[in-house]
Amino acid sequence: MKRSRKGFTLIELMIVVVIIGILAAMAVPRFMRAATRAKQSEAKGILKQIYTMQRAYFVENDAYCRNGITANAANPQAFAPLAVEIMPTARYNYVMTVAGATFTCTATANLDDDATNDVWTIDQTGQLVCTSDDSRL
């Protein structure tokens with residue numbers, strides 16, 4: 001009697017499951033880093049907007065706008081004199097520091113619930129710098 005062999009053996013299925021597990025183990029950390037980098041675009045965009053509006057404010061008033069203010073999702077109107085509004089879904093806290101003819105705005109957030117904060121700064125020269133990158137594992 002001839003035996004009909006249809007389907008997969010248990011060993012073949014186990015090998016496929018192991019291969020999928022290995023691929024997932026390699027893909028998940030890369031996906032998490034990519035998602036964190038995408039979240040960083042919020043800070044970059046708002047800090048560039050703050051720089052532009054601070055420069056315009058300086059041209060009109062010969063001084064930068066307000067020292068020591070913090071804007072975030074809970075306080076979205078803190079930068080209202082600059083016409084910059086923080087979104088209600090903002091992940092970052094934005095802190096403005098003004099000293100004479102210089103300013104620095106710092107954006108800080110913990111994007112992936114680890115011990116590292118993501119920190120971006122921009123100053124009166126328009127230099128945008130990441131001082132602590134939360135997208136690295």
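Start by selecting Leu10, Ile11, Met14, Ile15, Val18, Ile19, Ile22, Leu23 and Met26, which form a nonpolar patch on the surface with about 920 Å² of accessible area together. A patch here is made of residues with over 30% relative accessible area and no salt bridge, with like charges joined within 9 Å and nonpolar side chains (Val, Leu, Ile, Met, Phe, Trp, Tyr) within 5 Å. A salt bridge is a side-chain nitrogen of Lys or Arg within 4 Å of a carboxyl oxygen of Asp or Glu. Accessible areas come from the Shrake-Rupley method with a 1.4 Å probe, and for residues only the protein chains shown count as cover.

This is a predicted model, in which local features need pLDDT of at least 70 and side-chain atom pairs count only at pLDDT 80 or more, while totals for chains, interfaces and linings use all residues. Residues are numbered from 1 along each chain as its sequence is written, and side-chain values use heavy atoms, with hydrogens and water left out.

**Helix α1**

Stay with the patch and pick isoleucine 11, which lies in helix α1 (residues 10-61). Helices (H or I, at least four residues) and strands (E, at least two) are DSSP runs, numbered from the N terminus. Isoleucine 11 is exposed, at a relative accessible area of 56%. The cut-offs are under 20% relative accessible area for buried, over 50% for exposed, and partly exposed in between (1.4 Å probe, protein chains only).

Isoleucine 15 is in helix α1 too, and its relative accessibility of 48% makes it partly exposed. Now add isoleucine 69: its C-alpha is 58 Å from that of isoleucine 15, and the two are 54 residues apart in sequence.

**The loop after α1**

Next, select aspartate 62, in the loop between α1 and β1 (70-71). Aspartate 62 is not a glycine, yet has a positive phi of about 55°. Its relative accessible area is 65%, so it is exposed.

Arginine 66 is found in the loop between α1 and β1. Its phi is positive, about 45°, although it is not a glycine. Arginine 66 is partly exposed, at 41% relative accessibility.

**The core**

Which residues touch the most other members of the largest nonpolar core? Select Phe79, Tyr94 and Met96, out of 25 residues in that core. The elements that give two or more residues to this core are α1, β2 (93-99), β3 (102-109) and β4 (118-123). A nonpolar core is a set of buried Ala, Val, Leu, Ile, Met, Phe, Trp, Tyr and Cys residues joined through side-chain atoms within 4.5 Å.

Centre on phenylalanine 79. Not counting residues up to four places away in sequence, it touches Ile50, Ile69, Ala71, Val84, Ile86, Tyr94, Met96 and Cys105. Contact means heavy atoms within 4.5 Å.

**The cysteines**

From there, move to cysteine 105, which is buried, with a relative accessible area of 0%. How many disulfides (pairs of cysteine sulfur atoms within 2.5 Å) are there? The count is zero. For cysteine 105, the nearest cysteine sulfur is that of cysteine 65, 11 Å away.

Cysteine 130 is partly exposed, with a relative accessible area of 26%. Its sulfur is too far for a bond, because the closest cysteine sulfur, in cysteine 105, is 14 Å away.

**Last stop**

Finish at glutamine 124, in the loop between β4 and β5 (128-132). Glutamine 124 is partly exposed, at 21% relative accessibility. Leaving aside neighbours within four places in sequence, glutamine 124 is in contact with Tyr51, Arg55, Tyr64, Ala101, Thr102 and Phe103. The C-alpha atoms of glutamine 124 and cysteine 105 are 9.1 Å apart, with their positions 19 residues apart along the chain.

Notes
Disulfide = S-S within 2.5 Å.
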